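New to this one? Here's a quick briefing to read alongside the sequence and the 3D view.

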Amino acid sequence: MFIVYSVYFFFSKEGKDERGKKIISAASFISFIITLIILFALSNLFYDIASYNELAYSWILNFAVLIISGTEAICIMILKKSI
């Protein structure tokens, strides 16, 4: 659901009104692209690791959320300096 909102926010006029909203919309879009790349590149690896047990699956999901959140935070910091 968050991904749909992020893509909507990036393309809406609402995301370009103020500097802060523009930064958040650009960071969300970059995070979305990186998420897709990671999921496509590592999909087989995730499946192999997650099939061992429930704890491994939980760790994989937490790791994916960490990567997505970290990417968005880094993008926000970089874009704050450049915009």
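Helices and strands here are DSSP runs, with at least four residues for a helix and at least two for a strand, numbered from the N terminus. Going by that, the chain has 3 helices and 0 strands. Keep in mind that you're looking at a predicted model.

**The overall picture**
- Start at the N terminus and the elements read α-α-α.
- The chain has 83 residues, and 24% of them count as buried.
- Take the contacts in the chain with a separation of 6 or more: 53% of them come from residues 24 or more positions apart.
- The accessible surface adds up to about 6300 Å², and carbon and sulfur atoms own 72% of that.

**The largest nonpolar core**
- Five names to look for are Ile-23, Ala-26, Ala-27, Cys-75 and Leu-79, which together form the largest nonpolar core.
- Two elements each give two or more residues to this core: helix H2 (19-50) and helix H3 (54-82).
- H2 puts in the largest share, with 3 residues.
- Leaving aside residues up to four places away in sequence, Leu-79 touches Ile-23, Ala-26 and Ala-27.

**A buried charge: Glu-72**
- You'll find Glu-72 in helix H3.
- Which side chain of opposite charge is nearest to Glu-72? That's Lys-80, 12 Å away, and Glu-72 is buried yet has no salt bridge.
- A salt bridge needs a side-chain nitrogen of Lys or Arg within 4 Å of a carboxyl oxygen of Asp or Glu.
- What Glu-72 does have is a polar contact, side chain to side chain, with Ser-28 at 2.8 Å.

Technical notes:
Residues are numbered from 1 along each chain as its sequence is written. This is a predicted model: local features need pLDDT of at least 70, side-chain atom pairs count only at pLDDT 80 or more; totals for chains, interfaces and linings use all residues. Side-chain values use heavy atoms; hydrogens and water are left out. A nonpolar core is a set of buried Ala, Val, Leu, Ile, Met, Phe, Trp, Tyr and Cys residues joined through side-chain atoms within 4.5 Å. Buried means under 20% relative accessible area, exposed over 50%, partly exposed in between (1.4 Å probe, protein chains only). Contact means heavy atoms within 4.5 Å. Lys and Arg count as positive and Asp and Glu as negative; His and the chain ends are not counted. A polar contact is a pair of N or O atoms within 3.5 Å; within protein, one must be able to donate a hydrogen and the other to accept it, and residues adjacent in sequence count only if both atoms are side-chain atoms. Accessible areas come from the Shrake-Rupley method with a 1.4 Å probe; for residues, only the protein chains shown count as cover.
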